[in-house]
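Notebook open, structure loaded. I want to look at the nonpolar side chains, outside and inside.

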Amino acid sequence: MEHSDLIVDAFLLLRQSLFDDSMHSIPIDLRPKRNTQDDPLDEYISRLLEQGLADAVCHKAPGPLINPDLVLYRPELYDRQPREKLIDNTTRIVSIEVKKLERTNTGKIARSTGLDYNTTPPCGTVRVYAANDNPLDIMMFPRFGG
């Protein structure tokens, strides 16, 4: 059986959930932020992916300032696979770094760089740790570089 690309599936689900057919944003309700590092948007996106992608599991980072924000994987394609089969196979496992761009009242991006001061820049791969504490390098999205 051929499996689809997890990052494409995630993008399509988020596009459908966050934008209407005319590409206007759909308002969403987020819980209030408790502190500077708290991120209800990550929680919301994690729930969307977990509920909307039936064959995938989405794990959110267990705390603030942990990279990546989300890991999305298909258990039946991930379990007991050699590490080299996982690093660049986006049908099995991917990581997602959530980036939001805030806009001013005039519609311009609030920060000229587009990213806030404590942002981890996206890169080609990221190291995550499996439940048994073994390191695993996987692809990261958004993706810049190798």
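Surface first: I found a nonpolar patch made of Val8, Phe11 and Leu12, with about 310 Å² of accessible area together. I should keep in mind that this is a predicted model. I checked where leucine 12 sits, and it lies in helix H1.

Next, the inside. In soluble globular proteins, nonpolar side chains tend to be buried together. I looked up the largest nonpolar core, which has 21 residues. Which of them touch the most other members? I get Ile45, Leu49, Leu70, Leu72 and Ile96. Two or more residues each come from helix H1 (6–18), helix H2 (40–52), strand S2 (70–73), strand S3 (93–96) and strand S5 (135–141). H1 gives the most to this core, six residues.

I then pulled the contacts of leucine 72, leaving out residues up to four places away in sequence. Leucine 72 touches Leu6, Ala10, Leu49, Leu53, Ala56, Val57, Cys58, Arg92, Ile93, Val94 and Ile96.

There's also a second, separate core of 12 residues. Among its members I noted Val71, Tyr73, Tyr78 and Leu136.

Two tyrosines in that list made me check the rings. How many aromatic pairs does a search of the whole structure find? One. The pair is tyrosine 73 with tyrosine 78, at 5.2 Å centre to centre. Their planes are 55° apart, and the pair goes down as tilted; the cut-off for edge-to-face is over 60 degrees. Buried or exposed, these two tyrosines? Both tyrosine 73 and tyrosine 78 come out buried.

Technical notes
Residues numbered from 1 in each chain as written. Predicted model: local features only at pLDDT ≥ 70, side-chain atom pairs only at ≥ 80, totals over all residues. Heavy atoms only, no water. Phe/Tyr/Trp six-rings, centres within 6.5 Å; stacked < 30°, edge-to-face > 60°. Buried < 20%, exposed > 50% of the residue type's maximum accessible area, 1.4 Å probe, protein only. Core = buried A, V, L, I, M, F, W, Y, C linked by side-chain atoms within 4.5 Å. Helix = DSSP H or I, 4+ residues; strand = E, 2+ residues; numbered from the N terminus. Contact = heavy atoms within 4.5 Å. Patch = residues over 30% accessible without salt bridge, like charges linked within 9 Å, V, L, I, M, F, W, Y side chains within 5 Å. Areas by Shrake-Rupley, 256 points an atom, 1.4 Å probe, with all protein chains shown as cover. Salt bridge = Lys/Arg side-chain N within 4 Å of Asp/Glu carboxyl O.
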